[in-house]
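Colleague: Got a minute? I'd like to go through this model with you, starting with the empty spaces inside.

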Amino acid sequence: MAGYTPGEQINDPDIIKLNTNENPYPPSPRVFEAIRAALTGDQLRKYPQPFGDHFRHTAGRVLGVDPDSILIGNGSDDILTILTRAFVPEGGRMASLTPSYTLYRSLAEIQGAKFETAPFTAEWKPPTPWPLRGADLTFMANPNSPTGNALRPHEVAAFAEQAGGVFVLDEAYADFAETNGLELVGKVPNLVVTRSFSKYYALAGIRFGIAVAPPAVIRELVKVKDSYNCDVLSLAAAAAAIDDQDYYAGLRAKVIATRGRMTIALTELGFHVTPSQANFVWCRRDDKPVKPIYEALKAKKILVRYMSYPDYGDGLRISVGTAAEVERLLAELRKLV
Ligand SMILES: *Cc1c(COP(=O)(O)O)cnc(C)c1O
């Protein structure tokens with residue numbers, strides 16, 4: 001198997017890093033206080049809470065869900081692995097639309113499962129009716145990566161019902177979107193929602209994510225997770241972050257404003273930009289290949305993500321940076337295109 005290829009993580013403070021959709025702003029000050037408070041000999045000496053009870057009670061209150069419907073993960077990638085282990089037999093079937101998050105295929109390969117895909121329509125909708133019926137596990141990134149398009153909850157519900165099997169709504173970017181599918185949990189019985197703390201909560205370095213599903217489903221997922229998959233520092237950081245919604249609403253407003261300016265400016269430069277509800281934009285062009293643009297930007301210390309998909313083609317996925325970072329990006333692009 002080829003294995004998943006993560007985005008480049010170059011440790012150079014001069015680099016403008018717009019390739020793996022991190023939040024360009026730091027996490028809430030309350031996160032730093034919570035980590036400092038957790039740095040005691042006793043807390044580091046002992047194992048963490050296996051189910052993250054303190055975190056789950058805070059998150060349950062903030063999200064308006066039963067704490068027993070929350071599973072903690074070492075990043076939402078850990079949650080996706082747990083879901084695959086729990087629900088996909090060897091030789092089973094996994095599915096997602098394409099282009100989407102490429103980890104889904106790697107998870108199928110690790111599990112010894114078949115992986116099936118179908119393309120989005122030209123309007124960035126799934127084909128109707130849902131073409132990948134009966135898979136053991138279906139992943140739908142919403143908003144989608146690398147494209148940023150998003151479906152409304154009633155559309156998600158209809159496709160989940162048609163798909164059958166376990167339907168995972170990967171909401172890594174939902175906090176930046178207009179709507180999300182959390183209200184569907186429990187109403188659409190086969191639906192599991194996953195969230196990441198890496199993007200919206202600016203905690204990619206901490207590794208934390210969750211699943212929200214009916215408690216009976218969470219009980220099955222718990223059976224296959226590592227007992228202590230989240231450490232005391234990440235649990236403290238995640239609880240403090242989710243409890244500071246006001247701070248993050250401020251970051252969200254800045255990211256969305258910059259995303260709007262990026263979309264207009266990139267379109268003026270001749271890119272086809274998919275309307276995005278996430279903290280990145282997907283750019284393609286007809287007149288010239290985009291890989292040399294990626295390489296030229298990298299030479300100027302601006303890192304974006306070049307992605308190429310079989311049966312679809314390639315493009316650049318550019319994270320929404322700070323206003324100053326985006327100005328630098330646009331200045332370089334004006335010279336290049
Ligand atoms: C970033 C991302 C994830 C994983 O995030 P973690 O850092 O593991 O929490 C999952 N799904 C999609 C679509 C993503 O873009």
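Modeller: Sure, terms come before numbers here. On a 1 Å grid over the protein atoms alone, a cavity is a set of points where a 1.4 Å probe fits but cannot get out, and a pocket is an open set with protein on both sides within 12 Å along at least five of seven lines; lining residues have an atom within 4 Å of a point. Grid points are joined across faces, edges and corners, and a volume is the space filled by probe spheres set on the points.

Colleague: And where do the atoms come from?

Modeller: This is a predicted model, so local features need pLDDT of at least 70 and side-chain atom pairs count only at pLDDT 80 or more, while totals for chains, interfaces and linings use all residues. Residues are numbered from 1 along each chain as its sequence is written, and side-chain values use heavy atoms, with hydrogens and water left out.

Colleague: OK, how many cavities of 30 Å³ or more are there?

Modeller: Two, from a search of the whole structure. The largest cavity holds about 40 Å³ of space, and its lining is L63, D175, R195, S196, F197, Y201, I210 and I242.

Colleague: What classes do those lining residues fall into?

Modeller: Five are nonpolar, one is polar and two are charged. Here Ala, Val, Leu, Ile, Met, Phe, Trp, Tyr, Cys and Pro count as nonpolar, Asp, Glu, Lys and Arg as charged, and the others, Gly among them, as polar.

Colleague: And which element gives the most to the lining of the second largest cavity?

Modeller: Strand 5, with three residues. Helices (H or I, at least four residues) and strands (E, at least two) are DSSP runs, numbered from the N terminus. That second largest cavity has about 30 Å³ of space, and its lining splits into six nonpolar, three polar and no charged residues. Y104 is one of the lining residues.

Colleague: Is Y104 buried or exposed?

Modeller: Y104 counts as buried because its relative accessibility is 0%. The cut-offs are under 20% relative accessible area for buried, over 50% for exposed, and partly exposed in between (1.4 Å probe, protein chains only).

Colleague: Now the aromatics. How many pairs does a search of the whole structure find?

Modeller: It finds 21 aromatic pairs. In one of them, the rings of Y101 and Y104 have centres 5.4 Å apart and planes at 90°, so that pair is edge-to-face. For the rule, rings of Phe, Tyr and Trp (its six-membered ring) pair if their centres lie within 6.5 Å; planes under 30 degrees apart count as stacked, over 60 as edge-to-face and the rest as tilted.

Colleague: Got a tilted example?

Modeller: Y200 and Y248, at 5.9 Å centre to centre with 35° between the planes. They link distant parts of the chain, 48 residues apart: Y200 is in the loop between strand 7 (191-196) and strand 8 (209-212), and Y248 is in helix 9 (residues 245-268). Y200 is buried at a relative accessible area of 5%, and Y248 is buried too, at 0%. Both belong to one aromatic cluster, with F55, F176, F197, Y201, F208 and Y247.

Colleague: Switching topic: what about the largest pocket?

Modeller: The largest pocket has a volume of about 800 Å³. Its lining has 37 residues, and T102, M307, S308, Y309 and P310 lie nearest its centre. Strand 11 gives the largest share of that lining, six residues.

Colleague: Anything odd in the backbone?

Modeller: Most residues other than glycine have a negative phi, and most peptide bonds are trans. W124, though, has a positive phi of about 60°, and sits in the loop between strand 4 and strand 5. K301 has a positive phi of about 65°, in the loop between helix 10 (291-299) and strand 11.

Colleague: Which peptide bonds are cis?

Modeller: One joins N142 and P143, with omega about -5°. Another runs from S145 to P146, with omega near 15°. P143 is in the loop between strand 5 and helix 6 (153-163), and P146 lies in the loop between strand 5 and helix 6.

Colleague: Last one: what does the secondary structure of the chain come to?

Modeller: It comes to 11 helices and 12 strands. Of the 337 residues, 53% count as buried.
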